[in-house]
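Reader: Could you take me through this protein and show how its descriptive terms are earned?

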Amino acid sequence: MEYKLKDFHYNIPDQELLDDLKRVADKLVRNKFSSREYDEIGKYTIDTVNRRFGTWNKALLKAGLEITLTQNLNVSDKELFENIENMWISLGQQPTYRDVRQPFSKYSTHQYLSKFGTWRKALEAFVEFINSDNDKIEEIEKTEPKENISEPIQESEVIFKHKTKRTPSERLKVQVLMRDGNKCRLCGITVTGENIHFDHILAWSKEGETVLENLQVLCEAHNLAKGNIEYQVI
Ligand SMILES: [Zn+2]
C-alpha cells in the first residue's frame, strides 16, 4: 500500500520571499539569522523558502545576506525517522514543520534540513521508510525452539501460537494512522496522543494477529467498550 502526503500550494514570487528575508534581517538589525528565527518572524514557512531556493543558505545568499552555519550532528536517518514516527503517533497525523520543536521533537529542524533539504523532502523519505519492507521481519516474533521441554503441557494451555507480538511497533502504528487518520473508526471522533488506541479487530485473545489489516484506530471509550463486550462473550 502506498501513502501520499498532503499537497500544498505556494505561488509566491521569488522576489517576495527574498524581500521578506531582508525584512527580517532589518527587523533583527543584523545580516545573519537562523531559519528558526525566521520561523518566528518571517511571513512564510522555512519549507517554502528552502524548496524555492534549494537550501536555507542559498536563499540567504540570494537575498544578499550572510550564511548561517548548519549543525552537522551525527544522527542517523533511522533515528530521524523514528523521531517522526513518535511525533506522528503523538499527533495522530502528519507532523508539520512547526511541530518540529523540542521537547516535542527530539531533534531540531536544522538536523532535518541539513540532511534532507526541506521538511517536505524529509517527510517523503520518511514515507518511503514506512512503506519499505526491510523491517517487516521485526514484526515477527523470533521464536526460539525450546530444547528441553521440562514442563508438562496443561490441557487448558493455549496451543495457538501468535506469529506477531501483541503490541504493534511504532512503524505499524504510523501505518494504521496513515490509513485511518486520527479518527476513531467507530464514532469518527478525533483522537491524539494518549487517546489513540490501536485495537485488534479480531481480538488478540481470539488469535488475531498484530498486522495492519487487523488493526484499527479507536477512541478510549470505544476501546474500553469493545474490551468489555469481548469479556462478556468469553
Ligand atoms: Zn469512538
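**Terms and what supports them**

Author: Buried residues, those with 20 or more other C-beta atoms within 10 Å of their own C-beta as placed from the backbone, make up 24% of the 234 residues in the protein. This is a predicted model, in which local features need pLDDT of at least 70, side-chain atom pairs count only at pLDDT 80 or more, and totals for chains, interfaces and linings use all residues. Residues are numbered from 1 along each chain as its sequence is written.

Reader: What makes up the pattern along the sequence?

Author: The protein has 10 helices and 2 strands, taken as DSSP runs (H or I of at least four residues for helices, E of at least two for strands) and numbered from the N terminus. Their order is α-α-α-α-α-α-α-α-α-β-β-α.

Reader: Why are α5 and α9 called oblique to each other?

Author: The two helices α5 and α9 pack at about 50°, with their axes 9 Å apart. Angles under 35 degrees count as roughly parallel, over 145 as roughly antiparallel and 65 to 115 as roughly perpendicular, while the rest are oblique, and α5 and α9 are therefore oblique.

Reader: Which residues make the contact of α5 with α9?

Author: With contact taken as C-beta atoms, placed from the backbone, within 7 Å, E82, E85, N86, W88 and I89 of α5 meet E170, R171, K173, V174 and L177 of α9.

Reader: Which residues of α9 are buried?

Author: In α9 (residues 170–180), the buried residues are R171, L172, K173, V174, V176 and L177, and the helix is followed by G181, whose phi is positive, near 70°.

How values were computed. A residue is buried if 20 or more other C-beta atoms lie within 10 Å of its own, exposed if 12 or fewer, and partly exposed in between; C-beta atoms are placed from the backbone. Axes are lines fitted to C-alpha atoms, for helices over the stretch in contact, and angles run from 0 to 180 degrees between N-to-C directions. Two residues are in contact if their C-beta atoms, placed from the backbone, lie within 7 Å.
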